[in-house]
Amino acid sequence: MELDSGTIAWMLTSTALVLLMTPGLALFYGGQARSKSVLNMMMMVFSTCATVGVLWVIVGYSISFGDNFLGGFIGNPGQYFMLSSLLSETVQTDGLPDIAFVAFQAMFAILTVGLIAGAAADRMKFNSWMVFSLLWATLVYFPIAHWVFDLDAGWIASGIGAVDFAGGTAVHINAGTAALVLCIVLGKRRGWPREAMRPHNLTMVMLGAGLLWFGWFGFNAGSAAVANFAATYAFLNTVVATCTAICGWLIIEQIRDGKATSLGAASGIVAGLVAITPACAAVTPLGAMAIGFIAGIACAYGVGLKYKLGFDDSFDVVGVHLVGGLVGTLLIGFFAWDGAPAAAGGVFYGGGWGQLGIQAIAAVAVIAYSGIVTAIIAFIVKAIMGLRVDDDSEAAGVDEGEHAESGYDFSSLRSGGGGLGSSHSTLSAPTQVTATAGKEG
C-alpha cells in the first residue's frame, strides 16, 4: 500500500500537539510551585524527555508494542530493539509509516512519567527522580502500555475488551497511582499542612492549562491514527467534556468556599480532559458533557483527600488524574453508546452491566500493578540513593540546592543603586525582596 500523505500529516501534527503537552505541564506545575522551587519542578517534567525519550527508542516501543512475551505480560523486548527493523519506507500500516506511530506513542510515554512529578514537588532529589523515572517507565509504563494500547495483543484491549481510546488507564490511573505511592514513600514537605504553600504564579498555571487543552486534541483525536470520523468524534467530545468539567469544579468552589478561583478553573480543565480521555470515542456529546461535569465535581472533592488521609500530594495528581481517570473509565460502563466509533454499549443505552465490569477490571488491574511496582522502585531508590534533599536545601529551596539556580533574579533589587544597570544611579535602593516573597505563606 502506498503511503498516505494526509494520514502522515495528521499523525505528525498530532504528535507535535502531544509533545506540546509536556511544556504545558511544566508550566502548569511550575506555576503551582513556590518561587524557590519552580525551576526544579519544571526540570523534573522536562527531564522525562531525556530519560523516557531515549529509553523509548532503545527498548520502550518494543516492550509496549512487540509480540506477546512472557505470556503476554510485555511485548518482545528484542523485536524492535533500537527500531532498526522499522526504518524502511516499506514498513507501514494502512498508509502510515510505523515510525510515525513510534513517535506519536513516545509522546505519551514522556508525558505519563512527567505527570507523577507533581506529587513530589519541593523535596525530591533530582538525580533520584531521574533514576526513578527510568525504572518506572521500564517496569510500569511500558508493560501497561502493552496491555492497553496494543490493540492486537494487549490483554486489556483485545483480551477482555475494555474501552480506553487514549489512555485513561495506561496514562492517568497509572500515573495517579504512582504519584500516590511516591508521595507516601517520600513523606510530607517541611511544614505541610500547617504552613500555606500557595502557587507562586497563577498566570503561569492558567497558561499551562491552556496549552494542555490545546495539546490534548492530538492526544485524544490523534489516537484514531487517521483523520477520520473517529478523530472528529473524539475531538468534539474533548471540547464539551472539558467545558462542563470547568462548570462542575467552579460550582463546588462557589458553594463550598464562596469564591470561584482561577486555580479551580485550570484544575477543572485538566479534570475534564483526564476523564474524557478513555471515553472520547465511546459516548455521545451529551454523555461527554455528563462525564466532564461529574469529573469536575468528583475531582474538586478528590483533591481534599490528601488532607483527610495525610498524604502530601503537592499538586493534586491523585485528586485529578487518579480520580478523574477512574471517573472516565468507569462511566463508560454507563454512558457508552454502541453507535459511537468504539461501538460499546453501556447501562444507559441497553448494554447491560457487562461493560462496567470490564472497565472496573481494567482499572483495578492497573492500580494494583502500578501501586506495587512503584512502591518497590521507590524503596529501592530510597535505599541506594536517598529520595529527599537535605533539610537545608528543602528550607532554602530545591532550585538552589539541586541546580544552583533561581527562577527569579532578585540580585538587582538587593544592590544599592546598581539595579538599573548604572553605578551612578541616584535612585535609592528598594526594599529587599526575598526568593520566598509572594503567596507562599
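How do the residues of the lining of the largest cavity divide into nonpolar, polar and charged? I opened the notebook with that, keeping in mind that the model is predicted.

**Entry 1: the cavity**

I counted eight nonpolar residues, one polar residue and no charged residue in the lining of the largest cavity. I then looked up how many cavities of 30 Å³ or more the structure holds, and found one. The volume of the largest cavity came out at about 40 Å³.

Next I wrote down the lining by name. Met21, Leu25, Phe28, Leu111, Leu115, Leu212, Trp216, Val270 and His321 line this cavity. I also asked which helices they come from. At least two lining residues each are supplied by α1 (5-32), α3 (98-116) and α7 (202-220). Of the elements, α1 gives the most to this lining, with three residues.

**Entry 2: the largest pocket**

I turned to the pockets. How much space lies in the largest pocket? I noted about 1000 Å³. Its lining is made up of 37 residues, and those nearest the centre of the pocket are Phe101, Phe149, Leu151, Ser223 and Ala225. Two or more lining residues come from each of α2 (38-65), β4 (96-97), α3, α4 (126-149) and α5 (155-159). The element that gives the most here is α3, with five residues.

I sorted this lining by residue type as well. I got 22 nonpolar, nine polar and six charged residues.

**Entry 3: the second largest pocket**

For the second largest pocket I noted about 670 Å³ of space. I found 32 residues in its lining. Which of them lie nearest the centre of this pocket? They are Pro199, Leu263, Lys306, Tyr307 and Asp316.

I listed the contributing helices too. α1, α8 (229-257), α9 (262-276), α11 (305-309) and α12 (317-335) each give at least two residues to the lining of the second largest pocket. By type, this lining has 16 nonpolar, seven polar and nine charged residues.

I noted that α1 appears in two of my lists: it supplies at least two residues to the lining of the largest cavity, and at least two to the lining of the second largest pocket.

**Entry 4: the record**

Last, I checked UniProt. An unreviewed entry there lists residues 9-408 as "domain: Ammonium transporter AmtB-like". I looked up the make-up of the chain over that range. Over residues 9-408 the chain is 67% helix and 2% strand. The C-alpha atoms at the two ends of the range are 40 Å apart.

Terms used:
Residues are numbered from 1 along each chain as its sequence is written. This is a predicted model: local features need pLDDT of at least 70, side-chain atom pairs count only at pLDDT 80 or more; totals for chains, interfaces and linings use all residues. Side-chain values use heavy atoms; hydrogens and water are left out. On a 1 Å grid over the protein atoms alone, a cavity is a set of points where a 1.4 Å probe fits but cannot get out, and a pocket is an open set with protein on both sides within 12 Å along at least five of seven lines; lining residues have an atom within 4 Å of a point. Grid points are joined across faces, edges and corners, and a volume is the space filled by probe spheres set on the points. Helices (H or I, at least four residues) and strands (E, at least two) are DSSP runs, numbered from the N terminus. Ala, Val, Leu, Ile, Met, Phe, Trp, Tyr, Cys and Pro count as nonpolar, Asp, Glu, Lys and Arg as charged, and the others, Gly among them, as polar. UniProt positions are given in the numbering used here, feature names are shortened, and annotations may be inferred rather than shown by experiment.
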